[in-house]
Amino acid sequence: MTFEPVRSKLVSEGAGVLFDSSRIPGEIVDILVVRDSVLRDRPGDVRALISGWEQAVQHLRRDPTDAARRMATREQMTPEEFAAAQELLEIPDAEGEDAFFDGEHPALLTTAESLQQVMLRQRLLDKHVDATLLLEGVAEVRSK
């Protein structure tokens, strides 16, 4: 089990892919989490972080060649490898994020509840946790 850039290096050396997350859309997600105290005490920093992310995504979509050149070094990849890795990712636009976080039953909540059931069965959690707590503060942060 791995992810980029290790995945591409292994494949280039002859490893085969047995399974990838494209077969379970929405199940493996990356989210930004901050402590309540940071949200309360440093809201400007949180907004700046979110703004930086949004600008990076916009740049990636607007000028993928330049974005790959700039970001590849950080990921220890060539720009070509970085661009190829981006083809394997789904980075939602604003509407996709809305579906993920908003509505009567947000997609993030569905993913969290599914994961929780697996973790309970495998005894990785001792008891049920209210997954809606994951969404506390999201609307406030996203509206600013």
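## Salt bridges around helix 2

D45 counts as partly exposed, because its relative accessibility is 45%. In this predicted model, D45 forms a salt bridge with R42, and the closest N and O atoms of the pair are 2.8 Å apart. The partner, R42, is likewise assigned to the partly exposed class because its relative accessibility is 45%. That value falls in the class between buried, which means under 20%, and exposed, which means over 50%.

A further pair is made by R40 and D41, where the closest N and O atoms lie 3.4 Å apart. Both R40 and D41 are exposed. The range of helix 2 is 36-41. In total, the count of salt bridges comes to five. As a general point, side chains of opposite charge can pair when their charged atoms come close.

## A charged network in helix 4

Helix 4 covers residues 64-72. R70 forms a salt bridge with D66, with the closest N and O atoms 2.6 Å apart. The two residues are separated by about one helical turn, because they are four residues apart in helix 4.

How do R70 and D66 stand in accessibility, buried or exposed? R70 is exposed, because its relative accessibility of 55% is over the 50% cut-off. D66 is buried, because its relative accessibility of 12% is under the 20% cut-off. The pair therefore joins an exposed residue, R70, to a buried one, D66. R69 also takes part here: D66, R69 and R70 are linked in a network of salt bridges.

## Overall make-up

The protein chain has eight helices and zero strands. Read from the N terminus on, its elements run α-α-α-α-α-α-α-α. Taken along the principal axes, the C-alpha atoms fill a box of roughly 45 × 40 × 25 Å. The chain has 144 residues, and buried residues make up 18% of them.

## Nonpolar cores

Which residues form the largest nonpolar core? This core has eight residues, namely F100, F101, L108, L109, A112, A131, L135 and V138. Helix 6 (94-101) and helix 7 each supply at least two residues of the core. The largest share, three residues, comes from helix 7.

A second core is separate from this one and has seven residues, among them L60, A67, A72 and A85.

## Surface patches

L32, V34 and L49 form a nonpolar patch on the surface, and together they have about 260 Å² of accessible area. Within this patch, L32 is placed in the loop between helix 1 (6-12) and helix 2 (36-41). L32 counts as exposed, because its relative accessibility is 55% and exposed means over 50%.

A patch of another kind, a negative one, is formed on the surface by D36, E113, D130 and E136. One of its members, D130, lies in the loop between helix 7 (107-121) and helix 8 (138-142). D130 is partly exposed, because its relative accessible area is 42%.

## Loop residues with positive phi

Where does Q76 lie in the chain? Its place is the loop between helix 4 (64-72) and helix 5 (79-86). Phi of Q76 is near 55 degrees, a positive value in a residue other than glycine. Q76 is also exposed, because its relative accessible area is 66%.

R123 is not a glycine either, yet it has a positive phi of about 60 degrees. R123 is found in the loop between helix 7 and helix 8. That loop also holds D130 of the negative patch. R123 is exposed, because its relative accessible area is 73%.

Technical notes. Residues are numbered from 1 along each chain as its sequence is written. This is a predicted model: local features need pLDDT of at least 70, side-chain atom pairs count only at pLDDT 80 or more; totals for chains, interfaces and linings use all residues. Side-chain values use heavy atoms; hydrogens and water are left out. Patches are made of residues with over 30% relative accessible area and no salt bridge: like charges are joined within 9 Å, nonpolar side chains (Val, Leu, Ile, Met, Phe, Trp, Tyr) within 5 Å. Accessible areas come from the Shrake-Rupley method with a 1.4 Å probe; for residues, only the protein chains shown count as cover. A salt bridge is a side-chain nitrogen of Lys or Arg within 4 Å of a carboxyl oxygen of Asp or Glu. Buried means under 20% relative accessible area, exposed over 50%, partly exposed in between (1.4 Å probe, protein chains only). Lys and Arg count as positive and Asp and Glu as negative; His and the chain ends are not counted. The place of a charge is taken as NZ of Lys, CZ of Arg, CG of Asp or CD of Glu. A nonpolar core is a set of buried Ala, Val, Leu, Ile, Met, Phe, Trp, Tyr and Cys residues joined through side-chain atoms within 4.5 Å.
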